[in-house]
Amino acid sequence: MSQQQLNVDICVIGAGAAGLSVAAGAAQLGLSVVLYEEGEMGGDCLNTGCVPSKALIAAAKTAHAMQHASRFGIENTKAVVDWNKLRGHIDGVIETIAPIDSQERFEGLGCTVFREHAFFIDPRTVESASAKVTAQKFVIATGASAFVPPIPGLSETPFLTNETVFAQATQPKSLIVLGGGVIGVELGQAFARLGTQVTVVEAMTLMGPQEPEAVEIVRASLTADGVTVYEGAKAVAVSGDHTEIAVTLEDGRVLKAERLLVAVGRAARVENIGLDKANVTYSRKGVATDDRLRSVSNPRVWAIGDVAGKEQLTHAAGFHASVFIRNAVFKAPATAAVPYMPAVAYCDPEVAKIGLTEAQARDQFGSDVTVTKPEFEDNDRAQTERSTEGFCKLVIGKGGKILGATVVGEGAGEAIQLLGLAMANKKGVGAITSLISPYPTRSEIVKRAAGAYFTPTLFSDRTRKLVKFLKLLG
């Protein structure tokens with residue numbers, strides 16, 4: 001079969017969240033676009049990441065609610081899990097969303113889509129089995145995959161990652177999770193709530209660089225769900241087969257389970273796409289780019305999404321696409337280095353973070369940092385739902401500037417968006433206090449946290465004297 005010779009405006013490698021956003025935007029603006037994807041359209045988020053994991057978490061949350069209904073005067077009921085039907089639920093969610101990311105839709109937008117492996121053969125040419133493409137601009141959006149650590153015996157032992165865990169034929173009776181980051185905690189808790197005996201092994205601290213108070217609440221929740229957590233525990237050897245896995249820790253303890261899930265992080269997909277021939281500098285973390293996401297070594301090449309070596313988040317990928325369009329298409333300077341990129345861990349309770357933690361802020365700004373932290377136990381909606389774990393912690397700088405925030409509790413990922421809106425528009429904490437929040441809502445806690453910043457001034461002796469003076473004036 002002879003190769004097509006194409007010369008286009010934009011060539012995108014990777015049809016995940018980042019690549020699809022660029023392809024759709026550029027095509028609808030009238031640019032010629034070639035889109036490559038050798039795997040499933042929609043990438044990791046749709047097929048093995050965000051969508052299936054949140055579908056699993058939703059099922060686990062329902063099972064948990066059934067077993068803890070007595071707090072509402074309803075008899076507790078043991079959840080009976082039909083793994084095949086649960087997998088059908090997950091597959092059904094993916095199938096519902098898939099048409100948005102389909103090859104047919106993007107061809108309908110005007111993209112030329114090739115479902116095959118693509119690689120650079122020189123700094124301005126990409127080749128595949130059926131085409132050779134030159135372009136004004138190339139966008140690398142190949143994403144990331146589960147990192148497999150060099151633990152002795154692991155490569156010879158069957159293990160799962162987020163890319164394979166949802167396709168199991170049966171639900172594991174017991175599961176060891178290597179890694180206590182967001183993926184490990186989310187999936188570990190979900191499987192535990194569905195009846196799997198779960199052990200989480202984390203070499204450092206659970207949940208990584210989160211506020212310590214947030215980690216404490218998540219740790220307690222995992223324990224309540226029956227998850228055994230080992231922190232500061234390094235795995236030094238792995239062995240086993242499809243019936244039993246053994247993990248040896250540095251202190252000599254040996255943990256055993258039916259299955260092993262490796263969730264110790266993700267590595268950018270930079271191999272086998274000819275980056276050396278494209279004169280593109282890269283590392284395991286991703287392509288080296290400037291703040292506009294342009295390659296530091298080849299100005300024709302841009303990297304967005306997980307492969308850009310920045311935040312590995314689906315919404316960050318969408319944001320990266322907008323940064324590319326603004327810079328490369330409209331010639332309007334835009335940076336991907338923003339302080340208002342939120343991140344949410346969808347464990348129960350949820351942990352949502354944006355900007356700096358208190359410790360990070362104090363390191364940078366010292367005594368100019370103020371912290372407020374109302375608890376959900378004082379939120380009326382949380383009380384009605386008997387779900388009062390958590391808080392909203394605002395980290396505020398000089399002049400009321402919002403430096404960061406962490407919300408822990410049910411719906412934290414929704415509440416954090418109020419703070420994201422304020423930070424993105426450079427609004428201070430005063431803008432939050434101007435919000436009229438409907439009652440009763442959990443998001444009221446954000447306004448309360450903002451209002452607490454002004455409480456010392458509002459009810460100070462100076463203010464009392466002013467009120468007394470105004471009273472005398474009649």
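Two strands count as paired here if DSSP finds at least two bridges between them, and that criterion underlies the first stop of this tour, which runs through a predicted model.

**First stop: the hairpin.** Select strands β19 and β20, which form a hairpin with five residues between them. The two strands run in the antiparallel sense and are joined over three bridges; to find one of these pairings, display Val-344 and look across to its bridge partner in β20, Ala-352.

**Second stop: across β20.** Keep Ala-352 in view and turn to β23, where Val-407 stands opposite Ala-352. Extending the selection to the whole of β20 (residues 351-355) and β23 (residues 402-408) shows an antiparallel pairing over five bridges, in which Val-351 has Val-408 of β23 as its bridge partner. With a surface switched on, β20 should be looked at residue by residue: five of its five residues are buried, so the strand is largely enclosed by the rest of the structure.

**Third stop: the whole sheet.** Now add the remaining strands, and an open sheet of five strands appears, in the order β19-β20-β23-β22-β21, with antiparallel pairing. Its edges are β19 (343-345) and β21 (370-372), each of which pairs on one side only. From one strand to the next, the twist averages 10°. Helix α7 (residues 212-224) is the element to select after this, since α7 packs on the sheet and touches β20, β22 (391-396) and β23; the direction of α7 makes about 165° with that of β22.

**Fourth stop: a pair of helices.** Leave the sheet and select helix α3 (residues 50-67) together with helix α4 (residues 83-97), which pack with their axes 9 Å apart and at an angle of about 135°. That angle makes α3 oblique to α4, and the crossing in which α3 passes α4 is right-handed. To see what fills the contact, show the side chains of Val-51, Pro-52, Ala-55, Leu-56 and Ala-59 on α3, and on α4 those of Trp-83, Leu-86, His-89, Ile-90, Val-93, Ile-94 and Ile-97. Coloured by residue class, the residues of this contact divide into eleven nonpolar, one polar and no charged.

**Before closing the viewer.** Which strands make up the edges of the open sheet? Returning to the third stop, the edge strands are β19 and β21, while β20, reached from β19 through the hairpin, has its other pairing with β23 over five bridges.

Terms used:
Residues numbered from 1 in each chain as written. Predicted model: local features only at pLDDT ≥ 70, side-chain atom pairs only at ≥ 80, totals over all residues. Heavy atoms only, no water. Axes fitted to C-alpha atoms, helices over the stretch in contact; angles between N-to-C directions. Helix = DSSP H or I, 4+ residues; strand = E, 2+ residues; numbered from the N terminus. Parallel < 35°, antiparallel > 145°, perpendicular 65-115°, else oblique. Left-handed = near helix turned anticlockwise from the far one by under 90°. Contact = heavy atoms within 4.5 Å. Nonpolar A, V, L, I, M, F, W, Y, C, P; charged D, E, K, R; others polar. Buried < 20%, exposed > 50% of the residue type's maximum accessible area, 1.4 Å probe, protein only.
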